[in-house]
Amino acid sequence: MKLLTMRKDGQYGLGMRTQQGVLDIAAAAKYFSQAAYGTMEALIASGPEGLTAVRQLAALAQKEPAAGLFLPEEDVVYGPCVTQPEKILCVGLNYRRHAMESKMQIPTTPVLFNKFNSSLTAHQEKVQLSPLAEKIDYEVELVIVMGKTAKNVSEAEALGYVFGYATGNDLSDRGLQLKSSQWLLGKACDGFAPVGPYIVTADEIPDPNRLHLESRVNGKIRQSSNTQDMIFSCATLISYISRYITLKPGDLIFTGTPEGVILGYPAEKQIWLKAGDEVVVSVEGLGELRTVLA
């Protein structure tokens, strides 16, 4: 399933992308007098039972085309896929060719940093740059959305804790990032974690380490790679993190970016992002995430 968060009447609601349009889950639940999962967080917390209920709602709604339960996707105002994750964890230098272009050693253990809820941004939402912004860069990433509490899980069982996957853009201010040995300031600015437009449930992504990724700036391809180039696989990352940090349902893990970022260009060719630029990032099967800088 392709699930999404949408803004409606000043609140976040749960939607499901179908061939008929975007199904308003809350409206469908009310129409059919079914249990309602009004938000993505509520659905994730409900486990398999909730996913089954949403599938059943979609099947019922498709038999009632006159009920007005589907919205044209072009009319949807998106919210971040998960609006209040307990944790947003990110992995640095997790692609071999990206580490090489950055002239940094290939890590022997995952490099972790974090963002905050204030960094979250939705599909098609503008990101307001600070007047102090220095060297803004893009980073297409596969984002893991956790579905169950994970503590000390093995690599073999790690993917069983995943709710789904999404497209993310780890926006970065390289000037701030590299001012010290800690990356947080350049990574966690307001709006620097666009994610969406959908969460695709894990059952539709049997191998997250075999997906094409791409980024385009103002229509020109900048990154084009595959998650096969990851140094640490999705299962390895979940297992490793869970040894030290308990992962909770709805937590997000940005899994790293491939080669092609501005930081990897020769200095004379580094043209940093600016207000007015459009960045579109995509991960195979997960949809395109559009961000405009302002």
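The following questions and answers walk through a predicted model.

Visitor: Which residues lie nearest the centre of the largest pocket?
Guide: The space in this pocket comes to about 170 Å³, and its lining has 7 nonpolar, 4 polar and 2 charged residues. Two elements, α3 (48-62) and β11 (162-169), each supply at least two residues of that lining. Of the 13 lining residues, those nearest the centre are Pro 48, Leu 51, Gly 147, Val 162 and Phe 163.

Visitor: Is helix α8 (residues 234-244) largely enclosed or largely open, and how many of its residues are buried?
Guide: A residue is called buried when its relative accessible area is under 20%, and in α8 the residues that meet this description include Cys 234, Leu 237, Tyr 240 and Ile 241. The buried residues of the helix pack against β5 (88-92), β6 (111-115), β10 (140-146), α5 (155-158), β11 and β17 (252-254). Helix α8 is therefore largely enclosed by the rest of the structure, the number of buried residues being 9 of the 11.

Visitor: How many disulfides does the structure hold?
Guide: A disulfide is a covalent bond between the sulfur atoms of two cysteines, and the cut-off applied here asks for sulfur atoms within 2.5 Å. The cysteine sulfur closest to that of Cys 90 belongs to Cys 189, and because 12 Å lies between them they are too far apart for a bond. Cys 90 is buried, with a relative accessible area of 0%, whereas Cys 189 is partly exposed at 23%. The number of disulfides in the structure is 0.

Visitor: Which residue in the loop between β1 (2-8) and β2 (11-18) has a positive phi?
Guide: Most residues other than glycine have a negative phi. In the loop that joins β1 to β2, a residue that is not a glycine nevertheless has a phi of about 55°. This residue is exposed, with a relative accessible area of 73%, and its name is Asp 9.

Visitor: What is the relative accessible area of Asn 218?
Guide: Asn 218 lies in the loop between β15 (212-217) and β16 (220-226), and although it is not a glycine, it has a positive phi of about 50°. Asn 218 counts as partly exposed, with a relative accessible area of 44%.

Visitor: Is the peptide bond from Gly 196 to Pro 197 cis or trans?
Guide: Most peptide bonds are trans. Pro 197 is placed in the loop between β13 (193-194) and β14 (199-201). The bond that leads to Pro 197 from Gly 196 has an omega near 0°, and it is cis.

Note on methods
Residues numbered from 1 in each chain as written. Predicted model: local features only at pLDDT ≥ 70, side-chain atom pairs only at ≥ 80, totals over all residues. Heavy atoms only, no water. 1 Å grid on protein atoms, 1.4 Å probe; cavity = no way out; pocket = protein on both sides within 12 Å on 5 of 7 lines; lining within 4 Å. Points joined across faces, edges and corners; volume = space filled by probe spheres on them. Helix = DSSP H or I, 4+ residues; strand = E, 2+ residues; numbered from the N terminus. Nonpolar A, V, L, I, M, F, W, Y, C, P; charged D, E, K, R; others polar. Buried < 20%, exposed > 50% of the residue type's maximum accessible area, 1.4 Å probe, protein only. Contact = heavy atoms within 4.5 Å.
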